[in-house]
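Please open the model in your viewer and keep the sequence panel visible beside it. The tour below proceeds by selections, and each stop states what is to be found there.

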Amino acid sequence: MYEHLKYLVEMSDFKEWLLTTGHQFLKWSDNERNQTLDHLISISSSSQLVYLAQLLPTLVYRDFFRLLPKEISTIITRYLDAKSILNCLLVSRHWYQLLNSLPEVWRHCCRLHYIKVDSSPHPALYYKTLFLKVTSKLLKPLKQRKMYSEKFFRGHSNRIMALDYHNGRLASGSDDHSVSIWQYPGGERLIVPQHKSVSTVKLMDNFVYMSFFDGIIHSWEISRGLQSSFIGHVSAVYCIDVCERLSIMVTGSVDLTIKIWDLQSGQLLTTLMGQHECWIIETKIVPSEDLSSYTLISSDYRVCYIRRMNSEHEQTHIETISCPHYSIIPHLLVENHSLLKICFQSDDYEDDDEDTLIKVYQFQPELNMVQRYKITKAAKPIELLLGVGQKLAMIISRVDQYWLLSIFGLHTNEVLLAKPFPAIRLTIPGSSVTCGPSEWLNGFDSNPPRGLLLAATLEDNSIYILSWKEGSSKHSSNRK
């Protein structure tokens, strides 16, 4: 009995000592704690060292993915980039199985890498396969400049002033007094002879519209070779837009007027003047769904006007878009009959503190700015805005005498492609460059883009053709 009581007293004293020592230990610095542990380890027997070796892995190397709920693990992975997630697959079998069971992880990877995903739910394997395919067979070759091919169309004998691509054909207007219609990609050429230099062209399914530096516009029916004239401007016309559903054409000129024409008769319907103080370089027609009215967009280098027009071609309302001390960079981009995308570049663009901006406006039913992006410094100064999607943008910039085609992420400013470009013969409204289908700017999918990327007029009177390389995905697959 006495021995038992003595044991209890000793145990009580030990626990009290241990508690006191523990409180004191917590007050010491990290260095003092480490020295204490070093001393205890040095005087420990093998039994204590074995115990310590068994205990440490459970304390230090805890697998938090095993301990945390699946929902919390999913949230954590959203803070990782795709490379880190791929590395996590190699940690253990449990991590591999867990990550491959989380659709949101791979959906997140797709979003980070400009991959288009729909709103429908899919299993994790679907998103993982899509991510791996697009990054290996499209994004990586694009960054390595292996996703496109180059060629030239030659035939004009003088400088080419304007290009326009439409539905597999390319129209070019030149100072050699001709308009050419080229078949893409073969380059077969149909020549439309004229008697003066061409200032701009607009290509449609059955017609090509061309304007001249004296202000006259011609329409030429491609299949029948019939030509009509539209006479009214008194100076060079640099922009044409056509709406066949409304049977009207809108033109903008150096004479600071906008004219609306009837396509069938060639009759001048109305003239708009008094707003623009600089040369008008772009016009756009956006019809309403029921064709009872339309929106007319026009721009010079400083101001963009949004006009509401009724069926009698009368202006019912006008709104203005501008940015003080900023210039508007061609081109204006209209999407889904309701979104307008404009690039504004500071007059002092060489100052790194000044931003170059892409602003997205919703103009139906009312005018509101809905998005704003800052352009990467690597892409400045911008000469032409070629395309803006939901994920990517494409521009042409110039540094000294060198031209550069850039494709970059709107939300990340990551430059996916920075391709040196031949010397472009840049025209005032930017009509010397035209682009092919640009749906890929909304995000890539498992099928690589095809067809024309862009066409540009060069100093040697040729047309530079940049195309998506056919069969690049197939060849990549065969090599593997």
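Select strand 19 (residues 339-346) together with strand 20: 7 bridges join these two strands, which run antiparallel. Strands here are DSSP runs (E, at least two residues), as helices are (H or I, at least four residues), numbered from the N terminus; two strands pair if DSSP finds at least two bridges between them. Leu339 stands opposite Gln362 in strand 20.

This is a predicted model, in which local features need pLDDT of at least 70 and side-chain atom pairs count only at pLDDT 80 or more, while totals for chains, interfaces and linings use all residues. Residues are numbered from 1 along each chain as its sequence is written, and side-chain values use heavy atoms, with hydrogens and water left out.

**Strand 20 and its other partner**

Keep strand 20 selected and add strand 21 (residues 368-374): the two pair in the antiparallel sense over 6 bridges. They form a hairpin with 5 residues between them. Within this pairing, Lys359 stands opposite Arg372 in strand 21. Is strand 20 buried or exposed? Of the 7 residues of strand 20 (residues 356-362), 6 are buried, so the strand is largely enclosed by the rest of the structure. Buried means under 20% relative accessible area, exposed over 50%, and partly exposed in between (1.4 Å probe, protein chains only).

**Two open sheets**

Next, select strands 22 to 25. These 4 strands form an open sheet in the order 22-23-24-25, with antiparallel pairing. Strand 22 (382-388) and strand 25 (415-421) stand at the edges with a single partner strand each, so one side of each has no neighbour in the sheet. The twist averages 15 degrees from one strand to the next; for such angles, axes are lines fitted to C-alpha atoms, for helices over the stretch in contact, and values run from 0 to 180 degrees between N-to-C directions. Strand 22 pairs with strand 23 (residues 392-399) in the antiparallel sense over 5 bridges, and Ile382 stands opposite Ser397 in strand 23.

Now move to strands 2 to 5, where 4 strands form an open sheet in the order 2-3-4-5, again with antiparallel pairing. Strand 2 and strand 5 (189-193) are at the edges, each with a single partner strand, so one side of each is left without a neighbour in the sheet. Zoom in on strand 3 (residues 169-174) and strand 4 (residues 178-183), which pair in the antiparallel sense over 5 bridges. The bridge partner of Ala171 in strand 4 is Ile181.

**Annotated repeats**

Select residues 153-192 and 230-271, which the UniProt annotation "repeat: WD" (unreviewed entry) covers. UniProt positions are given in the numbering used here, feature names are shortened, and annotations may be inferred rather than shown by experiment. In residues 153-192 the end C-alpha atoms lie 16 Å apart, and the span is 0% helix and 60% strand. In residues 230-271 the end C-alpha atoms lie 13 Å apart, and the span is 0% helix and 55% strand.

**Salt bridges**

Side chains of opposite charge can pair when their charged atoms come close. A salt bridge is a side-chain nitrogen of Lys or Arg within 4 Å of a carboxyl oxygen of Asp or Glu, and by this rule the count comes to 12 salt bridges.

Show the side chains of Asp241 and Lys202, which meet in a salt bridge (3.6 Å, N to O). Asp241 lies in strand 10 (residues 237-243) and Lys202 in strand 6 (residues 198-203), so the pair ties together parts that are 39 residues apart in sequence. Asp241 is buried, with a relative accessible area of 9%.

Then show Glu319 and Arg308, whose closest N and O atoms are 3.0 Å apart in a salt bridge. Glu319 lies in strand 17 (residues 315-322) and Arg308 in strand 16 (residues 303-310), so this pair ties together parts that are 11 residues apart in sequence. Arg308 is buried, with a relative accessible area of 12%.
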